[in-house]
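This report introduces a protein model shown together with DNA. Please look over the sequence and the structure before reading the sections that follow.

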Amino acid sequence: MPENSRYRRFYKVVESIPEGRVATYGQVAQLAGKPGRARLVGHALSSLEEESDVPWHRVINARGEISRRGLGDSEHYQRVLLESEGVVFTEGGRVNLVRYQWR
DNA sequence: GATCTGACCACCG
DNA sequence: CCGGTGGCCAGAT
């Protein structure tokens with residue numbers, strides 16, 4: 001995905017998420033000036049290059065859970081990345097949003 | 001170019 | 001908190 005694509009707004013927002021904090025898709029969409037377009041964020045992240053500097057792993061869904069289509073292990077990978085930044089998961093494999101959501 | 005699909009969300013129950 | 005519903009929109013087919 002080229003840097004000059006129209007997803008650039010979203011990447012900019014994601015890049016500004018501090019370490020050890022998370023944001024929801026809807027939140028990113030809103031901060032990017034596209035309220036209600038949470039789905040676009042998902043598409044933006046899914047087309048993101050692996051070598052990108054964007055901390056895509058800090059974006060989770062509104063229930064505090066890691067979303068990913070069927071494929072198994074990359075979901076675990078995202079969790080490991082967050083845990084290495086100090087984010088603690090609950091028993092259900094979810095993040096305590098009131099505590100870790102970026103404001 | 002019509003239709004389907006999806007890293008979703010708000011709203012309701 | 002969980003499940004279903006409707007809506008939005010970019011890619012893939």
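## Contacts with DNA strand B

In the side chain of R39, an N or O atom lies 2.6 Å from a base nitrogen of DNA strand B, a polar contact in the sense of a pair of N or O atoms within 3.5 Å; within protein, one atom must be able to donate a hydrogen and the other to accept it, and residues adjacent in sequence count only if both atoms are side-chain atoms. This is a predicted model, in which local features need pLDDT of at least 70 and side-chain atom pairs count only at pLDDT 80 or more, while totals for chains, interfaces and linings use all residues. Residues are numbered from 1 along each chain as its sequence is written, chains are lettered from A and ligands numbered from 1 in the order in which they are written, and side-chain values use heavy atoms, with hydrogens and water left out.

DNA strand B is surrounded by 16 residues, of which the closest are R39, H43, S46, S67 and R69; a residue is near a strand if one of its heavy atoms lies within 4 Å of it. Of the atoms of DNA strand B that come within 4 Å of the protein, sugar and phosphate account for 49%. The backbone also takes part, since a phosphate oxygen of this strand is 3.0 Å from a backbone N or O atom of A62, and another such pair joins a phosphate oxygen to a polar backbone atom of Y25 at 3.4 Å.

## Contacts with DNA strand C

Around DNA strand C are R6, Y7, R37, R39, L40, H43, R63 and R94, and sugar and phosphate make up 65% of the atoms of this strand that come within 4 Å of the protein. R39 has a side-chain N or O atom 2.9 Å from a base nitrogen of DNA strand C, whereas polar side-chain atoms of R37 and R94 lie 3.1 Å and 2.7 Å, respectively, from a phosphate oxygen of the strand.

## The nonpolar cores

The largest nonpolar core, a set of buried (under 20% relative accessible area, 1.4 Å probe, protein chains only) Ala, Val, Leu, Ile, Met, Phe, Trp, Tyr and Cys residues joined through side-chain atoms within 4.5 Å, has 18 residues, and those with the most contacts inside it are F10, V28, V41 and V59. Leaving aside neighbours within four places in sequence, V28 is in contact (heavy atoms within 4.5 Å) with F10, V13, V14, A23, V41 and V59. A second, separate core of nine residues includes V22, L82, L97 and Y100.

Note on methods. Buried < 20%, exposed > 50% of the residue type's maximum accessible area, 1.4 Å probe, protein only.
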